[in-house]
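Let's take a walk through this model, stopping at a few spots along the chain. Keep the 3D view open as you read.

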Amino acid sequence: MTELDLNVKLQERLDEAKKLLLDKRHSVVRVVSHYDSDGVSSAAVLSVMLKRLGCPFHLSLSRSLDSILIGKLRKEGSGLHIFSDMGSAQIPLLRELEGDVIVLDHHKAEADDAADGKIVHVNASLFGANGTTDVSGSTTSFIMAQNVDERNWDCAPQALAGALGDMQHLGGFRGINAQILKKAIELGFINERRMLAVQGKNLLETVNHTPEPYFAGFTGRADLFLGRFRDTGIEMEKPYSEYDADDLRMVASILTTLLASNGCEYENVEQIISTQYFDSNTGMSISEISSLANACGRTENYSAGISMELGDAAAQEKARELRVDYNRRIISRLMELEKGIEQMSSIQHFSTDDSSLAGALCGLYMSFIGRKDKPTLAYSLAGNDYKISARGTRRLVEAGLDLAESLSVSASRFGGQGGGHVVASGATVPKDNLKGFLESVNDITSKQLEKAAASR
Ligand SMILES: [Mn+2]
């Protein structure tokens, strides 16, 4: 009844992973996941899976998977490691571990070079799926979990919250994500409603305190918003729950128009009134789960994030508090960025003090504030290296953009490393090489966009 229609080779990998997990009785399974919303959600799904198996596990979230972390894991000496939302780009590094390894990832993999029994590499993008749009770390963890035990279908909302965190809901879920959604609705674990899809209980909160969507010129400045729209009779503090159809239509039209006039892409504009999906057990929307997980992960409150996803009421409360503070930091930074950032011919970029916010700032700037015809890069200094995040739009990807390529090639040219997705990628480079790195990314980006234009 709950079978997913997966690529045969992918299914074989899932079965190998299941065998590795079930056949050998490991004293402790070591789980390491990424610290963003997708990674936190993956960790929540895997926790449920391992708990149901009665399998002791030790879980942590990490910003990156590097030789320092591998060194720590070697010392711990676990017999089985599970990496989720990370690992595909670090297969050679994972070989240094003594125990077995399961990788549940969707990031670009160099090659399917792990078929040696020690590492089971589960990445649907190796088998025809698009890792940027069709499947996330959390939905990869989910297909593993449902393959181990059908009861884990109740984790579908958490799994899709992670995919949403990676922006895979824009334009509607696709591929493996869409299959999971469809079956989860059939099974009653998720219900859907078309509605005004903004955060906050009223317009005042939405405009003043929530960064997504970001209304350039108005977010953080509700007085300006009210001044501009006063003649519509708009009541900023009336709860959305008390809206009638006329209120709803007017507010949706104002917000949609603001986004459109700020040059936002249709995929962002259409989100204002969109189908929202709810966890039938808790009543939380998956977009709420995702945004709370993100706030917990980015502020390094990892256990709150995972407990929140698992339905713990106190953790949900704490996550909401963390989100207020997180949103405030993001909005104040975005308000500064509205003044403008550095422009090169084919990229735009800015520096930020806080590396944990770089990816979020970069994505929100790209979607709601900056120019849409070139990707955005954000960087921050961490020790002797710059950490760099890069974001594009789907339209730029259709025009030839591949940030995974430009960042990984440029980083290795300048003594660092990088990779990720075509639309969202990251890199680390030694601090003296930032300028050269940016020039290289600019150069490769302009060639990507030119080449695609020439072939059309
Ligand atoms: Mn991910």
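Start with a pair of residues facing each other: serine 351 sits opposite tyrosine 379 of strand 10. Keep in mind that this is a predicted model. The two strands to look at here are strand 9 (residues 348–351) and strand 10 (residues 376–382), which pair in the parallel sense over four bridges. Helix 15 (residues 355–369) packs on the sheet, where it touches strand 9, strand 10 and strand 11 (385–391). Its direction makes about 25° with that of strand 11.

Now zoom out to the whole sheet. It's an open one of six strands, with mixed pairing and the order 8-9-10-11-13-12. At the edges you'll find strand 8 (342–343) and strand 12 (417–420); each has a single partner strand, so one side of each is left without a neighbour in the sheet. A further helix to look for is helix 17 (residues 403–413), which lies across strand 11, strand 12 and strand 13 (424–430). Helix 17 runs at about 10° to strand 13.

Next, head back towards the N terminus, to strand 4 (residues 100–104). Why is this strand largely enclosed by the rest of the structure? Five of its five residues are buried, meaning under 20% relative accessible area, so there's your reason. Both faces are covered: Asp100, Ile102 and Leu104 are buried on one side, and Val101 and Val103 on the other. Strand 4 has neighbours in strand 3 (residues 80–84), with which it pairs in the parallel sense over five bridges, and in strand 5 (residues 119–122), which runs parallel to it and is joined by four bridges. To find the register, isoleucine 82 has isoleucine 102 of strand 4 as its bridge partner, while valine 101 stands opposite isoleucine 119 in strand 5.

There's a pocket to visit too. The second largest one has a volume of about 250 Å³. Strand 1 (29–34), strand 2 (57–62) and helix 3 (67–76) are the elements that give two or more residues to its lining. Among the lining residues are Arg30, Val32, Arg63, Asp66, Lys72 and Tyr302. By type, the lining divides into five nonpolar, three polar and four charged residues.

Last stop: alanine 184, in helix 7 (residues 175–186). Is alanine 184 buried or exposed? With 0% relative accessibility, it counts as buried. Leaving aside residues up to four places away in sequence, alanine 184 touches Trp153, Ala156, Phe189 and Ile190. Glutamine 276 is 92 residues away along the chain, and 14 Å separates its C-alpha atom from that of alanine 184.

Definitions and conventions. Residues numbered from 1 in each chain as written. Predicted model: local features only at pLDDT ≥ 70, side-chain atom pairs only at ≥ 80, totals over all residues. Heavy atoms only, no water. 1 Å grid on protein atoms, 1.4 Å probe; cavity = no way out; pocket = protein on both sides within 12 Å on 5 of 7 lines; lining within 4 Å. Points joined across faces, edges and corners; volume = space filled by probe spheres on them. Nonpolar A, V, L, I, M, F, W, Y, C, P; charged D, E, K, R; others polar. Buried < 20%, exposed > 50% of the residue type's maximum accessible area, 1.4 Å probe, protein only. Pairing = 2+ DSSP bridges. Contact = heavy atoms within 4.5 Å. Axes fitted to C-alpha atoms, helices over the stretch in contact; angles between N-to-C directions.
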